[in-house]
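Reader: I am new to this structure. Please take one part and look at it closely. The cysteines would suit me well.

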Protein chains: 2
Amino acid sequence: LSRLLDLIRSGRGRVIVAIDDPLITLSKFKELVMKTKDAVSGFKLGLPYILSYGLDNIKSVITDFRDTYYIADLKLADIDVVMSLTTKVVCRVGFNGVIAHGFVGLKGGLDGLKSVCDELGVDLYIVTSMSHLGSTEIYDLVIDKVLSVVEGLRPTGVIAPATRPEVIRRVRNYLGRTYLILSPGVGAQGATPGSAICAGADLEIVGRAITSSQDFVKASEEVIKSQLKYLEVSRCY
Amino acid sequence: LSRLLDLIRSGRGRVIVAIDDPLITLSKFKELVMKTKDAVSGFKLGLPYILSYGLDNIKSVITDFRDTYYIADLKLADIDVVMSLTTKVVCRVGFNGVIAHGFVGLKGGLDGLKSVCDELGVDLYIVTSMSHLGSTEIYDLVIDKVLSVVEGLRPTGVIAPATRPEVIRRVRNYLGRTYLILSPGVGAQGATPGSAICAGADLEIVGRAITSSQDFVKASEEVIKSQLKYLEVSRCY
C-alpha cells in the first residue's frame, strides 16, 4: 500500500503541492516543504524544476525532510528502457513516486516501467487525461483505452484533470475505488478547491496558488479550508 | 530553415546518435561527439542522460563542439506553461531542438510550446508514433489526429518509428515533403539501417549500436555504409 494513503488517513490535507517554476529558489522550496509538510500530503516536482536545480540539490531538500511524500513529475512517455533508466536515476535521490503517460501503452512501454517501479519500491501514477483544453483533441477521445491500460498495469494511482470534473467521474466510475486519483488544475488553471475531490478524486494538485504566495502556510491552509467548505455545501460523488 | 537540413545537405551521414544510458560517462560522450560529429548529422540526448549528469556538464560538452546539432529528447508531454519552462531551461545550455508528443494536442499545449521555440530559435519535433509495440495499443489508432495536430502546428519535423516502416510511409504520404522525419528504432530495437530512410524518413536515430561499441568511429561508419547499401539494393519510397 502506498505511503501516500497513510498520510491521507493520518489526516493530512488532501493537497499535493506542485513545484515547477525555477523562479522558486531552492531555499524557497526548502521553506515551503518545512512549513507545509504537516498540513499537506506531499510535493510534486516538475521537469523544469528538477532540470534547473539538478538532482543533487533536490536530494539535499528531500533528505532533510523525509516525513512527507515526493513525486517526480517527468510525465514519462518513452520506451521501457528509457523510462526505466530515468526512474532509476530519479528515485536514487529519494522520490516516492513517478508519473507516466497512459497513452504509451503496455508492451515494451509501461509494463517494463512498472517492473522497475516494483523493484525499487516506488509508486507509479498514470496520466489518463490532462488539464489543458488540448487534452480534448486526442487524449480524451481514447480515454477508455487508456483506462484499460491502467487496469492491465495496476499502478498506485492515476492523474485526471480538475478542469473537467466529468472526466474524473468517468475515471472513478470505470476504475472503482482501487486506485488513488490525483487531480491537477486547481487554482491558477481555474478549478475551485474541493471540486475535483467532489467529483471523485482523492487529492488535488495545487501549484501556483500556493507557490506564488508570500505566505506558504496561509495559502495552503486557505486551499484546505476551501476544499472542506466546497465539500460541505456540495452534493458530491 | 533548420540547421539540421544544412548539415544533411552538406553530406553528413543520415544518422542522429541517441545517448540515453548514464553508463556512457561524460568523457565517453565527449569522445563520441569529437570523433563522430563530422560523419553524423547530430546527437539526441535522452532524459535519463541529461538528468544523470545535469545541464552544466552537458553544456560543457556542447560548448566545446558547436559545429554539429543537439536535440534534447525529453519527450515533452505537459501543459504549455510546463513544457515552455522546460524548453527555456534546456535550451539555455545550447540545444538546437526539442521533442514533444503530438498526443498532447494544440490548445494550451503544443501551441504555447511552439511560440516559445520560435522565440528561442529552437527547432521543434513532434512524436507521431513510437518504436515499441505498445504504440499500436493507443498511439497508432489516432495517428491521423496526431498528424492533423502536426499540420496545425508546423514544427521542424516529426518522429516516426523505424520498427514499423508502414507508419513512416503513412506519415510521409500525409505530410508531404514539408517536414523532416526522424526515425528511432534502428539497431538494438531491430530495424535495419537504411530501412527507415527507404520508407520515407530523412534521418535514422541510432543509439546502442553506436554508443555501446568500443570504436565509435567504426560503428558509425558501419551504420552509414549499411544505410547506403540498403538504399542501393532496395526499391524505396
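Author: What follows is a close look at the cysteines and the helices that hold some of them.

This is a predicted model, in which local features need pLDDT of at least 70, side-chain atom pairs count only at pLDDT 80 or more, and totals for chains, interfaces and linings use all residues. Residues are numbered from 1 along each chain as its sequence is written, chains are lettered from A and ligands numbered from 1 in the order in which they are written, and side-chain values use heavy atoms, with hydrogens and water left out.

Start with the bonds. A disulfide here is a pair of cysteine sulfur atoms within 2.5 Å. Over all chains, the count by this rule is 2.

In chain A, Cys198(A) pairs with Cys236(A), with the sulfur atoms 2.1 Å apart. The S-S torsion of Cys198(A) and Cys236(A) is about -110°, so this disulfide is left-handed. Cys198(A) sits in helix 8 (residues 195–199) of chain A, and Cys236(A) in the segment after helix 10 (216–233) of chain A, so the bond ties together parts 38 residues apart in sequence. Helices are DSSP runs of H or I, at least four residues long, numbered from the N terminus. Cys198(A) is buried, at 9% relative accessible area. Cys236(A) is partly exposed, at 33%. Buried means under 20% relative accessible area, exposed over 50%, and partly exposed in between, using a 1.4 Å probe and protein chains only.

In chain B, Cys198(B) and Cys236(B) form a disulfide, their sulfurs 2.1 Å apart. Its torsion is about -110°, so the disulfide of Cys198(B) and Cys236(B) is left-handed. Cys198(B) is buried at 10%, and Cys236(B) is partly exposed at 34%.

Now a cysteine without a bond. Cys117(A) is in no disulfide; the nearest cysteine sulfur, in Cys91(A), is 6.6 Å away. Cys117(A) is buried, at 1% relative accessibility. In chain B, the sulfur of Cys91(B) is 6.6 Å from the closest cysteine sulfur, that of Cys117(B), too far for a bond. Cys91(B) is buried, at 12%.

Next, the helices around the chain A pair. Helix 4 (residues 80–91) and helix 5 (residues 106–120) of chain A pack at about 25°, with axes 8 Å apart. Axes are lines fitted to C-alpha atoms, for helices over the stretch in contact, and angles run from 0 to 180 degrees between N-to-C directions. Among the residues that meet are Met83(A), Thr87(A) and Cys91(A) in helix 4, and Leu113(A), Val116(A) and Cys117(A) in helix 5. Contact means heavy atoms within 4.5 Å.

How values were computed. Helices (H or I, at least four residues) and strands (E, at least two) are DSSP runs, numbered from the N terminus.
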